[in-house]
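Visitor: Please take a close look at a single part of this structure and then follow it outward into its surroundings. I should like a connected account that a first-year student can trace on the display.

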Amino acid sequence: MHYYVNENIRDTYRVFPPQGRYGALRYDMNENPEGLPKEFVDSVLKEITPEFLSIYPEPDRFLNKYAAFLGHGVTYDNLTATNGSDMAIRYLLETFGEKGKDVVTVSPSFEMYWVNCSILGLHHVPVAYEKDLTISIDKILDAITENTRIVVLLNPNNPVGNVYTEEELEKVIAKTREVGAVVIIDEAYHYFYDKTFLDYALREDNVIVLRTFSKLMSLAACRLGIVISNPEIIHYVKNGRLTFDTNSIALLFAERLIEQPEIVEELIRQEKEGKAWFLEELEKRGYWTKDCMGNFVFVKPRHDAHEVAARLEKEKNILTHPYGNELLKEYIRVSVGSKQAMKIFLDAFLEIDGE
Ligand SMILES: Cc1ncc(COP(=O)(O)O)c(C=O)c1O
């Protein structure tokens with residue numbers, strides 16, 4: 001039988017995340033290895049009644065509270081919630097991308113940017129890292145041309161944790177404005193890295209910030225991302241979106257969480273303590289490490305990185321992220337959590353990699 005298949009979708013090669021991770025010690029996907037306090041989760045679950053489940057999602061109450069939570073003068077008109085920032089990326093590339101025209105990102109970066117380019121028929125322009133894991137802002141600027149419709153900066157980038165200065169961002173904004181493009185600043189790892197470019201998203205006409213509740217907020221299962229920009233850009237994104245793609249359970253958990261900023265503060269404190277402790281312990285033992293500025297670090301094992309990752313999984317039920325590409329093949333990426341979570345990891349890692 002012959003039927004039509006969109007050729008961009010047909011020709012995109014996808015590798016989906018591994019399954020069966022429940023019960024494993026998860027340091028592979030930049031989640032919180034431990035999750036939110038159980039009392040908090042239990043208290044929110046009590047609110048999920050048959051009536052609650054029977055009603056279509058209503059994001060506005062959460063969005064109004066979230067605007068106040070963010071500060072910086074953010075209002076309801078500056079926001080829209082999406083089914084994970086994953087979905088926000090799709091919406092933004094659909095809305096501001098043009099078939100055959102360029103989307104500039106660094107490489108390597110979060111894969112959903114190139115995946116969506118491929119699916120939507122946008123031309124991905126990857127700007128490569130240097131061998132020393134730095135990225136040249138001049139190369140990014142050079143990649144922005146009359147054909148560019150979107151420039152993506154992850155601040156910090158995943159997996160290579162570089163960050164951008166205000167001066168660098170301002171140069172990118174100026175160049176994108178010149179060529180009629182928008183800048184997406186993905187702040188998935190905000191809170192692990194304190195600086196934000198939120199003010200640019202509110203002030204400029206072509207800047208968009210993305211946030212997620214999957215990382216510090218520890219709600220990856222719920223799927224909640226946020227697009228923050230000026231009201232005109234938000235209007236376009238809403239026009240293109242699905243009506244009910246953000247579910248009520250995600251909105252409820254997020255609303256209750258931001259109502260208790262002490263829980264958020266404690267998550268920040270624990271993660272910072274855990275990361276600092278972990279890096280120090282490794283460095284004491286002579287390991288090369290890189291603080292990737294998010295809730296993840298690179299560690300260079302003494303033995304082959306793929307072998308170490310495979311043995312951690314097989315012998316210790318511990319998941320990490322090794323890399324196939326030339327630039328990162330010597331490292332494993334390890335998600336960080338509390339000091340307790342990092343102690344468990346370190347003990348197992350040292351047993352396998354030897355002291
Ligand atoms: C930079 C970046 N953006 C977006 C995402 C997607 O997050 P989510 O769809 O869970 O909000 C990730 C996930 O790892 C990420 O690293």
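Guide: Setting aside residues up to four places away in sequence, Glu 187 touches Asn 155, Thr 196, Phe 197, Leu 198, Val 209, Leu 210 and Arg 211. The model in which these contacts appear is a predicted one. Glu 187 belongs to the loop that lies between strand S6 (182-186) and helix H9 (198-203). Its relative accessible area is 1%; buried means under 20%, and Glu 187 is therefore counted as buried.

Two of the residues it touches deserve a further word. The side chain of Glu 187 forms a polar contact of 2.7 Å with the side chain of Thr 196. A polar atom of the Glu 187 side chain also lies 2.6 Å from the backbone nitrogen of Phe 197.

From the loop one may step back into strand S6, where Val 182 is found. Val 182 has a relative accessible area of 10%, so this residue too is buried. Apart from its neighbours within four places in sequence, Val 182 is in contact with Phe 96, Arg 149, Ile 150, Val 151, Thr 176, Asn 206, Ile 208 and Ile 233. Val 182 and Val 152 stand 30 residues apart in sequence, while the distance in space between their C-alpha atoms is 8.6 Å.

Strand S6 has a partner on either hand. Strand S5 (residues 148-154) runs parallel to S6 and is joined to it by 5 bridges; within this pairing, Ile 150 stands opposite Val 182. S6 also pairs with S7 in the parallel sense, over 4 bridges. There, Ile 184 has Ile 208 of S7 as its bridge partner.

Strand S7 brings us back to Glu 187, since Val 209, Leu 210 and Arg 211 are among the residues that Glu 187 touches. In S7, 6 of its 6 residues are buried. Val 207, Val 209 and Arg 211 occupy one side and Ile 208, Leu 210 and Thr 212 the other, and both faces are covered.

These strands belong to a wider arrangement. The open sheet has 7 strands, in the order S2-S8-S7-S6-S5-S3-S4, and its pairing is mixed. S2 and strand S4 (123-128) are the edge strands, each pairing on one side only. Between neighbouring strands of this sheet the average turn is 25°, with direction ignored. Helix H4 packs on the sheet, where it touches S2, strand S7 (207-212) and S8, and its direction makes about 115° with that of S2.

At one edge, S2 (residues 79-82) sends Leu 79 and Ala 81 one way and Thr 80 and Thr 82 the other way, and all of these are buried. S2 pairs with strand S8 (residues 225-228) in the antiparallel sense over 4 bridges. Ile 226 in S8 is the bridge partner of Ala 81.

Helix H4 leads on to another helix. Two packed helices are described by the angle between their axes and the distance between the axes. For H4 (residues 60-70) and H11 (residues 248-258), the angle is about 35° and the axes are 10 Å apart. Their crossing is left-handed. H4 contributes Arg 61, Phe 62, Lys 65, Tyr 66 and Phe 69, which meet Leu 251, Ala 254, Glu 255, Arg 256 and Ile 258 of H11. Sorted by class, this contact has 6 nonpolar, no polar and 4 charged residues.

A second sheet may be set beside this account. In it, 4 strands form an open, antiparallel sheet in the order S9-S10-S13-S12. Its edge strands, each pairing on one side only, are S9 (288-291) and S12 (321-322). S12 pairs with S13 (residues 332-335) in the antiparallel sense over 2 bridges, and His 321 has Arg 333 in S13 as its bridge partner. Helix H14 packs on this sheet, touching strand S10 (296-300) and S13, and its direction makes about 150° with that of S13.

H14 (residues 339-353) also meets helix H13 (residues 305-316): their axes come within 10 Å and cross at roughly 115°. This crossing is right-handed. Among the residues making the contact are Val 308 and Leu 312 of H13 and Phe 345 and Phe 349 of H14. By class, the contact has 6 nonpolar, no polar and 5 charged residues.

Terms used: Residues numbered from 1 in each chain as written. Predicted model: local features only at pLDDT ≥ 70, side-chain atom pairs only at ≥ 80, totals over all residues. Heavy atoms only, no water. Buried < 20%, exposed > 50% of the residue type's maximum accessible area, 1.4 Å probe, protein only. Pairing = 2+ DSSP bridges. Axes fitted to C-alpha atoms, helices over the stretch in contact; angles between N-to-C directions. Left-handed = near helix turned anticlockwise from the far one by under 90°. Contact = heavy atoms within 4.5 Å. Nonpolar A, V, L, I, M, F, W, Y, C, P; charged D, E, K, R; others polar. Polar contact = N/O pair within 3.5 Å; in protein donor to acceptor, adjacent residues only side chain to side chain.
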